[in-house]
Amino acid sequence: MGRGEGIQGLGRCGLLLPRPAPPPRPAPRRPRPAGLRLSLRSAKMATRAGGSPALRRLLRGPCLALSGARGYSRDNEGSWFRSLFVHKVDPRTDAHSTLLSKKETSNLYKIQFHNVKPECLDAYNSLTEEVLPNLHSDTDYPCDLVGNWNTWYGEQDQAVHLWRFSGGYPALMDCMNKLKQNKEYLEFRKERSKMLLSRRNQLLLEFSFWNEPLPRVGPNIYELRTYKLKPGTMIEWGNNWARAIKYRQKNQEAVGGFFSQIGELYVVHHLWAYKDLQSREETRNAAWRKRGWDENVYYTVPLVRNMESRIMIPLKISPLQ
């Protein structure tokens, strides 16, 4: 060791004092990932081209210190960069019922599902066929039978009834008030209750782009396809089906399309008619050969939480045969 190397000098008592260690060198600065440099450069260019003041403050702020964080990935970069340009959603000014339902009519529909005791199904059908046509033909009641069925495949021992109220909610209330005074109908309900396990109903509106459900001659089978949508997706569903319904009109299989207003919400019912199950199979397969039908399926399937299909046989009194 040379003179003075490793020591500072002599202290007051003649002791050798160690030379203080040099201060540590600062750690080398971690280079910014190339992908982020490009993203920041693009973002700054976008701000100069007319970005919002909030975006300019964000680019100058401390959040950019995250650029050297460990575990940084291109996915994180993309999501961070996209978050700077979130699309503004315009506030809704109309309910989806106003946007999707028919404007030229004010029809309201009610669908009823009656689960009948298996041993009572024939008696239930006979009682129904005796009483309901009287309501349908009485002009004092603003309601019409659209269709009456028993479920063939799907939920067994079930009756499905579809009613139309011409005039909307006022017609519905007028009809209900009059039925409270109708002794024949009150006796019918009392007798019917002995045959049922459960019942439920929904109030529906019809899609503007679907066919009006009109009486049909038979024999036909009917398929009721029920879709339970994710909340907030009804408009998107309607937009896609407004384009797709044209692919299902050649064989006149489209009967009616409805969406719920009261009862379980975000529920869609599509009603189809076929000569038989083989005709159903051929008609549905033909739709897949039409360019554009696959796009409808692609865009609407992600909107669905649950779906169900019923094959139904019309009762004798059903206008849809």
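This report covers the overall make-up of a protein and then two of its residues, Gln-112 and Leu-277.

**Overall make-up**

The model is predicted. The protein holds 10 helices and 10 strands. It has 321 residues, and 40% of them count as buried. The accessible surface comes to about 19,900 Å². Carbon and sulfur atoms account for 54% of that surface. Take the contacts between residues at least 6 apart in sequence: 80% of these join residues at least 24 apart.

**Two residues side by side**

| Residue | Element | Relative accessible area | Class |
|---|---|---|---|
| Gln-112 | strand E3 (residues 108-116) | 10% | buried |
| Leu-277 | helix H9 (residues 277-288) | 36% | partly exposed |

**Gln-112**

Gln-112 sits in strand E3. Its relative accessible area is 10%, and buried means under 20%, so Gln-112 counts as buried. The side chain of Gln-112 makes a polar contact with the side chain of Trp-163, at 3.0 Å. Trp-163 also appears among the contacts of Gln-112 beyond four places in sequence. The others on that list are Ala-159, Val-160, His-161, Arg-200 and Asn-201.

**Leu-277**

Leu-277 lies in helix H9, which spans residues 277-288. Its relative accessible area is 36%. That value falls between 20% and 50%, so Leu-277 is classed as partly exposed. Leu-277 helps make a nonpolar surface patch of about 370 Å². Its partners in the patch are Trp-152, Tyr-153 and Ile-313. A patch residue needs over 30% relative accessible area, and Leu-277 has 36%.

Terms used
Residues are numbered from 1 along each chain as its sequence is written. This is a predicted model: local features need pLDDT of at least 70, side-chain atom pairs count only at pLDDT 80 or more; totals for chains, interfaces and linings use all residues. Side-chain values use heavy atoms; hydrogens and water are left out. Patches are made of residues with over 30% relative accessible area and no salt bridge: like charges are joined within 9 Å, nonpolar side chains (Val, Leu, Ile, Met, Phe, Trp, Tyr) within 5 Å. Accessible areas come from the Shrake-Rupley method with a 1.4 Å probe; for residues, only the protein chains shown count as cover. A salt bridge is a side-chain nitrogen of Lys or Arg within 4 Å of a carboxyl oxygen of Asp or Glu. Helices (H or I, at least four residues) and strands (E, at least two) are DSSP runs, numbered from the N terminus. Buried means under 20% relative accessible area, exposed over 50%, partly exposed in between (1.4 Å probe, protein chains only). A polar contact is a pair of N or O atoms within 3.5 Å; within protein, one must be able to donate a hydrogen and the other to accept it, and residues adjacent in sequence count only if both atoms are side-chain atoms. Contact means heavy atoms within 4.5 Å.
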